[in-house]
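Me: I'd like to go through some of the labels used for this structure and see what each one rests on. Could you take them one by one with me?

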Amino acid sequence: MLKLHDVTKTYDGKSEVTALTGITLTIEPGEMVAIMGPSGSGKSTLLNLLGGLDVPTSGAIVVAGQDLAKENEKDRSLFRRSKISYIFQAYHLMPTLKVSQNVALPLHLAGVSSGEITRKVARVLQEVGLETRSNHLPDELSGGERQRVAIARALITDAPLLLADEPTGNLDTARGEEVLSLLRTIHREHNTTIVMVTHDHHAASACQRLIKLRDGRVEGDSAIGGGK
Ligand SMILES: Nc1ncnc2c1ncn2[C@@H]1O[C@H](COP(=O)(O)OP(=O)(O)OP(=O)(O)O)[C@@H](O)[C@H]1O
Ligand SMILES: [Mg+2]
């Protein structure tokens, strides 16, 4: 599903920062992987590269058979829309749109018909247990509910790859547990490949494999026997 070969990412700015150095790794279809590491170790940078939100300075990234580094911006964004969904720590919901409209956004962008959108929105809201909240605004929801809306929005395109940056980072233990259990269910039922950045060992233990980053390098990569 994902192959990285000798990937390096350097940010130019006032001072040059090398966020990733020589990352080589493969993630198979259907794996559920946790990425951990100290703050600044390059976790979000890695996730952004995997999601095609940014390009590596050098090295190759192949996602679902496609070399992302070789694509232009337009092709990359088309590819991203169909193959990859993203869950952010801070939810990134549109405050003026109702839950159902937030969830429908990726399909609107893809030009899907309104009948199909209505059907799919109903399906994914049910999947995350929010069918009774479809007319609410994000402000009217709890943090855990907002994250479930973000997950519903990620699910709606049926993308085979789900990337999550600290999906439980803003939630208390109980709400975080609900989100983790939802991700595990998605993984089991849709065989979605999930890559999740987390600071939380408990969240990582929901995964089958743990990749540890330190100073932009892979420090450890091992099976941890969680998941399913
Ligand atoms: N847009 C940017 N421009 C310059 N430097 C950046 C940029 N984004 C990240 N960095 C730097 O790259 C390094 C890795 O950042 P990254 O956000 O990937 O870390 P992280 O592991 O996700 O940390 P955290 O756990 O705090 O979210 C850091 O030193 C950071 O300061
Ligand atoms: Mg980060």
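Me: What makes H3 oblique to H4?
Reply: Happy to help! In this predicted model, helix H3 (residues 99-109) and helix H4 (residues 114-127) pack at an angle of about 120 degrees, and their axes are 10 Å apart. Roughly perpendicular covers 65 to 115 degrees and roughly antiparallel needs over 145, so H3 counts as oblique to H4. Their crossing is right-handed.

Me: Which residues of H3 and H4 meet?
Reply: From H3 come Val99, Ser100, Val103, Ala104, Leu107 and His108, and from H4 Ile117, Lys120, Val121, Val124 and Leu125. By class, this contact has eight nonpolar, two polar and one charged residues. Lys120 belongs to this contact and is charged because Lys counts in that class.

Me: And how does H3 pack with H5?
Reply: H3 and helix H5 (residues 143-155) pack at about 35 degrees, with axes 7 Å apart, in a right-handed crossing. Val99, Asn102, Val103 and Pro106 of H3 make the contact with Val149, Ala152 and Arg153 of H5. Five of these residues are nonpolar, one is polar and one is charged.

Me: Why is the pair formed by Lys43 and ligand 1 called a polar contact?
Reply: An N or O atom in the Lys43 side chain is 2.7 Å from an oxygen atom of ligand 1. The cut-off is 3.5 Å, so this pair qualifies.

Me: What about Ser44 and His199?
Reply: A backbone N or O atom of Ser44 lies 2.9 Å from a ligand 1 oxygen, and a side-chain N or O atom of His199 is 3.4 Å from one. Both values are within 3.5 Å, so both are polar contacts.

Key: Residues are numbered from 1 along each chain as its sequence is written. Chains are lettered from A and ligands numbered from 1 in the order in which they are written. This is a predicted model: local features need pLDDT of at least 70, side-chain atom pairs count only at pLDDT 80 or more; totals for chains, interfaces and linings use all residues. Side-chain values use heavy atoms; hydrogens and water are left out. Axes are lines fitted to C-alpha atoms, for helices over the stretch in contact, and angles run from 0 to 180 degrees between N-to-C directions. Helices (H or I, at least four residues) and strands (E, at least two) are DSSP runs, numbered from the N terminus. Angles under 35 degrees count as roughly parallel, over 145 as roughly antiparallel, 65 to 115 as roughly perpendicular and the rest as oblique. A crossing is left-handed if the near helix is turned anticlockwise from the far one by less than a right angle, and right-handed if clockwise. Contact means heavy atoms within 4.5 Å. A polar contact is a pair of N or O atoms within 3.5 Å; within protein, one must be able to donate a hydrogen and the other to accept it, and residues adjacent in sequence count only if both atoms are side-chain atoms.
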